[in-house]
Amino acid sequence: QVQLVESGGGLVQPGGFLRLSCAASGSIFRINVMGWYRQAPGKQRELVAAITSGGSTNYADSVKGRFTISRDNAKNTVYLQMNSLKPEDTAVYYCNADIASMDGVRTHWGQGTQVTVSS
């Protein structure tokens with residue numbers, strides 16, 4: 001059974017930084033796109049950043065220049081470095097990955113990790 005486990009959320013002051021990690025485990029054949037989404041209270045879940053297996057990246061306009069997505073294919077792990085954090089970045093952040101496994105090719109989600117930016 002494939003699982004995505006996130007870590008690294010927490011409380012940080014405006015202007016601060018956090019690094020999120022998400023590790024995939026299970027009977028994995030291949031991981032295609034990996035990404036991070038976030039959902040703030042009362043808002044829809046939105047894409048923050050995504051990265052292909054080849055390293056091509058895509059970012060939401062609101063985080064360009066502040067956030068950096070990366071991945072370690074050998075560890076089946078994706079990271080999100082978040083710098084210059086703003087109160088509007090406060091949300092639950094979810095890891096997402098398209099994974100080929102014994103169950104076929106499916107989109108998997110992590111359980112979410114809370115990021116709170118507040119003074």
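## A talk about R38 and its surroundings

Biologist: Let's begin with R38: in which strand is it found?
Modeller: Happy to start there, with the reminder that this is a predicted model. R38 falls within the run of residues 28-39, and that run is strand β4.

Biologist: Does R38 count as buried or exposed, and at what relative accessibility?
Modeller: The cut-off for buried is under 20% relative accessible area. R38 falls below that cut-off, so it counts as buried, and its relative accessibility is 6%.

Biologist: With which side chains does the side chain of R38 make polar contacts?
Modeller: R38 has a long list of contacts beyond its sequence neighbours, including Q44, E46, E88, D89, S62 and Y93. A polar contact at 3.3 Å links the R38 side chain to that of S62. Another, at 2.9 Å, links the side chain of R38 to that of Y93. The names you want are S62 and Y93.

Biologist: How many bridges join β4 to β5, and how do the two strands run?
Modeller: β4 covers residues 28-39 and β5 covers residues 46-51. One bridge pair sets G35 opposite A50 in β5. The strands run antiparallel, and the number of bridges is five.

Biologist: In the hairpin of β4 and β5, which residue takes a positive phi?
Modeller: There are six residues between the two strands of this hairpin. One of them has phi near 75°, and that residue is G42.

Biologist: And which residue takes a positive phi in the hairpin of β5 and β6?
Modeller: β5 pairs with β6 (residues 57-59) in the antiparallel sense, over three bridges. One bridge pair here joins A49 to Y59 in β6. Five residues lie between the strands, and the one with a positive phi near 100° is G55.

Biologist: Let's move to the disulfide: which residues form it?
Modeller: Searching the whole structure turns up one disulfide. The sulfur atoms of the pair are 2.1 Å apart, which is within the 2.5 Å cut-off. The link is left-handed, with -80° about the S-S bond. The partners are C22 and C95.

Biologist: How many residues apart in sequence are the parts that C22 and C95 tie together?
Modeller: Both cysteines are buried. C22 lies in β3 (residues 18-25) and C95 in β9 (residues 91-101), so the disulfide ties together parts whose separation in sequence is 73 residues.

Biologist: In what order do the four strands of the open sheet come?
Modeller: The pairing in this sheet is antiparallel. β1 (3-7) and β7 (67-72) have a single partner strand each, so they stand at the edges, with one side of each left without a neighbour in the sheet. From one strand to the next the twist averages 15°. The order is β1-β3-β8-β7.

Biologist: Which residue of β3 is the bridge partner of Q3?
Modeller: β1 and β3 run antiparallel and are joined by five bridges. In the pair that includes Q3, the partner in β3 is S25.

Biologist: Where is S84 found, and which residue lies 6.1 Å from it, C-alpha to C-alpha?
Modeller: S84 belongs to the loop between β8 (77-82) and β9, and it is partly exposed at 40% relative accessible area. Its contacts beyond sequence neighbours are G15, G16, R66 and D89. The residue at 6.1 Å is 18 residues away in sequence, and it is R66.

Biologist: What separates the C-alpha atoms of G10 and L20?
Modeller: G10 is found in β2 (residues 10-12) and is partly exposed, with a relative accessible area of 25%. Contacts of G10 beyond its sequence neighbours include L18 and V115. G10 and L20 are 10 residues apart along the chain, and the separation of their C-alpha atoms is 9.6 Å.

Biologist: To finish, what is the radius of gyration of the protein chain?
Modeller: The protein chain has zero helices and 11 strands, and 42% of its 119 residues count as buried. Its C-alpha trace spans about 45 × 25 × 25 Å along the principal axes. The globule rule gives 14 Å for 119 residues, and the chain is close to that, so it is as compact as a globular protein of that length, with a radius of gyration of 14 Å.

Key:
Residues numbered from 1 in each chain as written. Predicted model: local features only at pLDDT ≥ 70, side-chain atom pairs only at ≥ 80, totals over all residues. Heavy atoms only, no water. Buried < 20%, exposed > 50% of the residue type's maximum accessible area, 1.4 Å probe, protein only. Pairing = 2+ DSSP bridges. Axes fitted to C-alpha atoms, helices over the stretch in contact; angles between N-to-C directions. Polar contact = N/O pair within 3.5 Å; in protein donor to acceptor, adjacent residues only side chain to side chain. Contact = heavy atoms within 4.5 Å. Rg over C-alpha atoms; globule rule 2.2 N^0.38 Å. Lists of a residue's contacts leave out its neighbours within four places in sequence.
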